[in-house]
Amino acid sequence: MSLKQRLVPYWLLGPGLLWLVVFFIVPMYFMGELALRSGSLTSGGFVFSWEWANFPDSLSGHGDQILRSFFYAGTATVLALLIAYPLAYAIAFRAGRFKLLLLFAVIAPFFTTYLVRTIAWKTILSDDSPIVSVLQTLTLVPQDGRVLATSGAVIAGLTYNFLPFMILPLYANLERLDLSLVEAAKDLYSSSRQAFLKVTLPLTMPGIVAGVLLTFIPAFGDYINAQLLGGTQQAMIGNVIQSLYLNQRDYPEAAALSFLMMALILAVVVLYIRFAGTGAFMGDEDEETAR
Amino acid sequence: MDTGGTRARGAVLAIASAVALVALILGLAACGDDTVGGGSSEKVTTAKGGPVSGELTISNWPGYIDPGPKGTVAEFEGKTGVSVDYIEDINSNDGFFGKLQPQLEQGESGGRSIFVVADYMAKQMYDLGYLQEIDHADLPTVFKTLAPSLESPGFDPERKFSVPWQGGMTGIWVDTSKAPEIRSVNDLFDPKYRGKVTMLEELRETPALVMLAEGVDPATASDEEWLKAIDRIKAAAESGQIRDFTGNEYTEDLTAGNIVAAIGWSGDASLIENKNAEWRMPTEGCTQWSENMVIPVGAPNTPAALAWMDFVYRPEVAVDITEYVEYISPVQGVKELLEKRGSPLAESEIVFPTEEFTSKCTGQNTPPDLERVNEAWQDVLTG
Amino acid sequence: MSAATRAWSWLRRNALPIYAALAVAYMLIPIVVIAVFSFGEAPKDKLTFGLDEGFTLEYWRTIFSLPQLNDALMTSLRLAAFSTLISTAIGTLMAIALVRHRFLGRRAANLLIVIPMATPEVVIGASLLSMFIYYSFALGFTTLLLAHVMFSISFVVVVVRSRLIGFDRNLEEAAADLGATPFATFRTVTLPLLAPGIIAAALLAFALSIDDFVISNFNSGTTVTFPLYVYGVSLRGIPVQVNALATLLFVVTALGVALVLWQQRRAERMAAVRPEPVTAPGATATT
């Protein structure tokens, strides 16, 4: 290959990579830099002073919110997985003519803005709504209880809003599943359940892991659901960061907290990619499938 | 493929990219400021007067004016030919300040010529050099009709940078069909109403009201007294007594029937769709506040801004505003005009509170160690 | 077999489709609610629960009568249009490079592209804000555009890439065999077949931009986008027109997507492009 030919991919990638570097990587640096400043916005401004203390300081007092975020995002992810897997399976193998229609129905919520549909849930779950009355009759909700402003409402909101992120990688992976392998397992006298557990599940694991990561991580940092559907005790770490940046204007502490959160996520993602390859993120096993 | 060579080339590429990245960052960092924030060091300018025309953008709180075709904005447009973009994007003083701060720091106002913010926020902005000063000569009507009690407030004794917009009181909104007995902030802590009560997010309102309910005067309270009140609120939040801390959204909750009572603002009737909701003066007193029109640095079309300020101080215009928003007007003569119109508002204690009515009320107070107390308060807000 | 047994076995066989139908219904509940509420009479023109006031088309008639709502919507549409154009162009080029070429740094590039997708919006928004604050860069439409393109690129790459992978290169080889230049092949064979993927990616980028709240909230200054407007009014009473607009937005995008999917169906049938089957680990992939 000539030099010119060898440079082609770099030209193609150039603009995009540059954009990502300048507007994704570099801001991380600035966030880190801001985290090392001290002072106050209104009296003297923030001055750079190698204030490493900001990092542990930002975590202290926010342990509750961090744990809560893990719990809410984790529960929502598990719920999303349980709901999405059979659905993705059904669309991939049992939908026939309706496949595209169902896929569309799954992505449909994306087309109303995030806020509007979360607010819709707020209305649906408000104290006087018929749905809450039904839940009360079914004793899923205590008689004098409510759904809004509880952890349940926040988790329900997170599950709903991030469900498409779970469904799509699962579907992409399931669609490529070679059913003949499942058939083969059955021919070898395994039951449906065994076939599922020993053949289907392992083969679709990359899709599951991709879905889990794409759901858990954004849910972890979300704050809208907690703000609109939660009450005083449901704040997540995203709410804290938002409050620090926009309400309290304590930029260094906010930056330190975001930076730590980012580092944590990066560690998880890099570990996973080491283990499974970046192709797994996109639902296919092997990234080298270009022909 | 020559794997040894590929590895070496890979290493070289990785190192080269890393070096390029570091160089890029250092280069970018060199062009930045040393200090972030801290206020503008430019000299304070005075807003210029002049011929009135063009466009005007105003930022205000919601529910503060009749935006309809027969409202004040339309009237102003008709009389002056100025095209007004009236934006109701202020939901909290801090939030609005936070959004605008980077631009104000640069001497830009985001296209706005007038903001309406609380006393303490106006002072904060002025101290940071974010506001322009106002020449009284440009506002003849204002200084003719401004109520004497507002002429020389503590935060702006010469009214150099602020012109009152409306005033109001913070007390308790009660759904009389569900909780008619609530008359004091202490009642909000009654377990009977667990989960059915909300409080405001503002530091200078909610803890201050709680202190009043305990017999402490917020104007002279020590940090410890502030923190004690905050602790009481915190316990109530953690036990589930308080459903949520809100900005304007308590009006939604009252409308939807999610709550029976809320700490809220006296004139918000236009935002609440609940026939049984009523604003009550707490037995221990309320907090009073006023919002101010200010002109930010970099404001475009200051002549039109000044004309607007002067316009809304005409009694016949001010009375229209009061009729719609039901807050306390800073303009003298409004009550008489309402009486002439036969409007029941003329008798309203909320719109025209007497000295007696507000005898126990306090203004907007700041704790001595603002940062420490505010931090404790923010902790309560974020659970 | 008794009726009960037959019913039971029918249930067991169709459990999955029934479940799928229920799940899909669940996903569409809020959309139905939003649409229904746009037809409800509301005394103060603000949303309340309950349709007991009556049915009306008033808010659909006046759907464009709130100047602030219109401004916010126009801003969002403009932003989304620019963001989609730029990110789709950049992302498509990147996808081609990643799939069709072997080069040094491919793994690293993949990593860089994938990480933003998994980063919480609050972190992206906050870090961008940190950078803009540092340079005292005025927040507004420009900063929003820069941010929107950034987070859209990754998604565009993923979508176009998955289309490229399933691409039957024999068609391109056939064109070359018939004497077409590389550029002509690209123009007449590759691009049309790739088009559905590019369009799908563009639609996704558009949806992401219109939908974005968190990142925009941090970086918009005083510019108001549609989601930011909704957030503002949600605190004090949403005008019913918002629901009508959301429903309209949904219907229009639904039609658009349906059109694209239908086109894709046709194109697929013509090009005989099939997704690659997943094979057990250890076996080699066959064409």
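**Interface, salt bridges and a buried strand in a predicted model**

Between chain A and chain B, the count of salt bridges is zero. The model is a predicted one, and the interface is described here through its contacts, its area and its composition. Contact across the interface involves 36 residues of chain A and 37 residues of chain B. The two chains bury about 3,000 Å² between them, and carbon and sulfur atoms give 53% of this area. Six residue pairs in polar contact, with both residues at pLDDT 80 or more, are found across the interface of chain A and chain B.

Several elements of chain A supply at least two residues each to the side that touches chain B: helix 1 (3–35), strand 1 (37–40), strand 2 (45–48), helix 3 (63–94) and helix 11 (237–247). Helix 1 of chain A gives the largest share of this side, with six residues. Sorted by class, the side of chain A that touches chain B consists of 15 nonpolar, 15 polar and six charged residues.

Over all chains, the structure holds 11 salt bridges. Side chains of opposite charge can pair when their charged atoms come close. One of the salt bridges joins Glu214(B) and Lys228(B), whose closest N and O atoms are 3.9 Å apart. This pair links distant parts of the chain, 14 residues apart: Glu214(B) is in the loop between helix 6 (206–213) and helix 7 (223–238) of chain B, and Lys228(B) is in helix 7 of chain B. Glu214(B) has a relative accessibility of 32% and therefore counts as partly exposed. Lys228(B), in contrast, is exposed, because its relative accessible area of 55% is over the 50% cut-off. Glu214(B) and Lys228(B) also belong to one network with Arg232(B), joined by salt bridges that share partners.

A second salt bridge involving helix 7 is formed by Arg372(B) and Glu224(B), with the closest N and O atoms 3.5 Å apart. Arg372(B) lies in helix 12 (residues 370–381) of chain B and Glu224(B) in helix 7 of chain B, so this salt bridge ties together parts separated by 148 residues in sequence. Both partners are partly exposed: the relative accessible area of Arg372(B) is 40%, and the relative accessibility of Glu224(B) is 49%.

Glu323(B) and Arg341(B) form a further salt bridge, in which the closest N and O atoms are 2.7 Å apart. Here the linked parts of the chain are 18 residues apart, with Glu323(B) in helix 10 (residues 315–325) of chain B and Arg341(B) in helix 11 (residues 334–341) of chain B. Glu323(B) is partly exposed at a relative accessible area of 32%, and Arg341(B) is partly exposed at 41% relative accessibility.

Strand 6 (residues 197–200) of chain B is covered on both faces. In a regular strand the side chains alternate between the two faces of the sheet. On one side of strand 6 are Val197(B) and Met199(B), on the other Thr198(B) and Leu200(B), and all of these residues are buried. Strand 6 of chain B pairs in the parallel sense with strand 7 (residues 242–246) of chain B over four bridges. In this pairing, Val197(B) stands opposite Ile242(B) in strand 7 of chain B. Strand 6 of chain B also pairs with strand 8 (residues 261–265) of chain B, again in the parallel sense, over two bridges. Opposite Val197(B) in strand 8 of chain B stands Ala261(B).

Note on methods:
Residues numbered from 1 in each chain as written. Chains lettered and ligands numbered in written order. Predicted model: local features only at pLDDT ≥ 70, side-chain atom pairs only at ≥ 80, totals over all residues. Heavy atoms only, no water. Contact = heavy atoms within 4.5 Å. Buried area = accessible area lost by both parts, 1.4 Å probe. Salt bridge = Lys/Arg side-chain N within 4 Å of Asp/Glu carboxyl O. Polar contact = N/O pair within 3.5 Å; in protein donor to acceptor, adjacent residues only side chain to side chain. Nonpolar A, V, L, I, M, F, W, Y, C, P; charged D, E, K, R; others polar. Buried < 20%, exposed > 50% of the residue type's maximum accessible area, 1.4 Å probe, protein only. Pairing = 2+ DSSP bridges.
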